Amino acid sequence: MSEQTPPSQHSSVQHADVYTHGHQESVLRSHAARTAGNSAGHLVPHLQPGQHILDVGSGPGTITADFARLVAPGRVLGLDRSPDVVAAARRLAGKQHLNNLSFAVGDIYRLDFPDGSFDVVHAHQVLQHLSDPVAALKELRRVAKPGGIVALREADFHGMSWYPAQPELDEWMDLYQLVARHNHAEPDAGRRLLHWARAAGFTNVTPSSSNWLYATPEQCRWLSADWADRVEKSSLAEQALTYGLADEAQLAHIAEGWRAWGAAQDGWFVMPNAEIIALA
C-alpha cells in the first residue's frame, strides 16, 4: 500500500467520463436483474460475516444488497456517481430492511476514504465506461486493506455471439463500439482486465471468466425487448444521434432487428465476462 495521503490529494487529474448507457428505465431494468449469484459468483466464495465492503458503481443496488445479506453484521457501502440512482438504491435498502447497507454519491477516481478502509472492494461492469481504468484501479487498490480483495467483472462486447444471424445485430455492435469509443471508453474491457490490473500495481491476481447466457424463448424475448428499448430510448441513442453516428431511422431499424431476433424459437446469445480476484 502507498504512504497514507488525504483522499482529496490522491488525484489532480480531471476525468469527465461519459456513461454510454445512461440511467433511463430501460437500462435500470436490465441492471436491476443482476444479483450476486448471476453477476459476482467469482467473489461470493470469498465473502464472510463481518467483512466491510465497498461496491463502486453500484447502480440500482441489487448486487450490493446481496452482499449485505452475505456479510452481515459487516457493513456494505454502495457508491455511484448519479444522485438519482443512489436515491433509488436507498429506497431498495429501506424496503429490504438491510440496516448494514448504505449508499452514497462518489467518484471512483477520488474515493473519499483513507487508505486500507475496506476488506473487499468490488466493481461490476464499471471499468469499460472509464477513460482511465488504470487510474481507477489504483484508487480501488488504495482503499482496500493490505491483503484485502479487489474483485472486478467486465463484459467483452466483441466476444459476444448470437444465433440466428441477424444483420441488424451486427449493425448494433458496430454502432455500440463507435459510440463507446467516441466516449473514450473500452467496450472490449474483458480481455484487457488482467492487463489493467497489472498496470495498476496488482501482483497477486486470480483470473476467471463466466457468461450470461440467454437461450430460452423467455430469456431471448426479454433481452431483445430490453435492447430494442435501449437502442431507441437511452443515452446510447441520444449519443449516437448527437455524435452523428446514426439517425432515428437507423436506430428504429436496429431496434426492429432486435425484436425479430427475440422472436426466434431457437435463439442463443452469449455475453462473456472476464473476472479477477486481486489482493491489495
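Biologist: Is R181 buried, exposed or partly exposed?
Modeller: Happy to start there, and bear in mind that this is a predicted model. The relative accessibility of R181 is 36%. Buried would need a value under 20% and exposed one over 50%. R181 therefore counts as partly exposed.

Biologist: Which side chain does R181 meet in a salt bridge at 3.3 Å, N to O?
Modeller: The partner has a relative accessible area of 3%, so this residue is buried. The bridge runs from N to O over 3.3 Å. Its partner for R181 is D188.

Biologist: Which residues do salt bridges with shared partners join into one network with R181 and D188?
Modeller: R181 and D188 meet in a salt bridge of their own. Shared partners then extend this into one network with two further names. Those are E186 and R192.

Biologist: How many salt bridges does the structure hold?
Modeller: As a general point, side chains of opposite charge can pair when their charged atoms come close. The R181 and D188 pair is one such salt bridge. For the structure, the count is 14.

Biologist: Is D66, the salt-bridge partner of R69, buried or exposed?
Modeller: The side chains of R69 and D66 meet at 2.7 Å, N to O. Both lie in helix 3 (residues 62-71), 3 residues apart, about one turn of the helix. R69 is partly exposed at 44%. D66 has a relative accessible area of 18%, which is under 20%, so D66 is buried.

Biologist: Which helix holds both E139 and R142?
Modeller: These two side chains meet in a salt bridge of 2.9 Å, N to O. Both E139 and R142 are buried. They sit 3 residues apart, about one turn of the helix, and that helix is helix 5 (residues 133-143).

Biologist: Turning to the rings, how many aromatic pairs does a search of the whole structure find?
Modeller: One of the pairs is F157 with Y176. A search of the whole structure gives a total of 14.

Biologist: Is the F157 and Y176 pair stacked or edge-to-face?
Modeller: The ring centres are 4.2 Å apart. F157 is in the loop between strand 5 (144-155) and strand 6 (161-163), while Y176 is in helix 6 (residues 167-182), 19 residues apart. F157 is buried at 4%, and Y176 is buried at 1%. With their planes at 5°, which is under 30 degrees, the pair is stacked.

Biologist: And are W172 and W258 stacked or edge-to-face?
Modeller: This pair links distant parts of the chain, with W172 in helix 6 and W258 in helix 10 (residues 248-262), 86 residues apart. W172 is buried at 2%, and W258 is buried at 0%. Their centres lie 5.1 Å apart and their planes are at 80°, so the pair is edge-to-face.

Biologist: Which residues do ring pairs link into a cluster?
Modeller: F157 and Y176 form a stacked pair, and W172 and W258 form an edge-to-face pair. Ring pairs link these residues and others into a cluster. Its members are F157, W162, W172, Y176, W227, W258, W261 and F269.

Biologist: Which residue lies over the face of W212?
Modeller: An arginine over a ring turns up at F202 too, where R141 lies over the face at 5.8 Å from the ring centre. For W212, the distance from the ring centre is 4.7 Å, and the residue is R153.

Notes: Residues are numbered from 1 along each chain as its sequence is written. This is a predicted model: local features need pLDDT of at least 70, side-chain atom pairs count only at pLDDT 80 or more; totals for chains, interfaces and linings use all residues. Side-chain values use heavy atoms; hydrogens and water are left out. A salt bridge is a side-chain nitrogen of Lys or Arg within 4 Å of a carboxyl oxygen of Asp or Glu. Helices (H or I, at least four residues) and strands (E, at least two) are DSSP runs, numbered from the N terminus. Buried means under 20% relative accessible area, exposed over 50%, partly exposed in between (1.4 Å probe, protein chains only). Rings of Phe, Tyr and Trp (its six-membered ring) pair if their centres lie within 6.5 Å; planes under 30 degrees apart count as stacked, over 60 as edge-to-face and the rest as tilted. A charge sits over a ring if NZ of Lys or CZ of Arg is within 6 Å of the ring centre and within 35 degrees of the ring normal.
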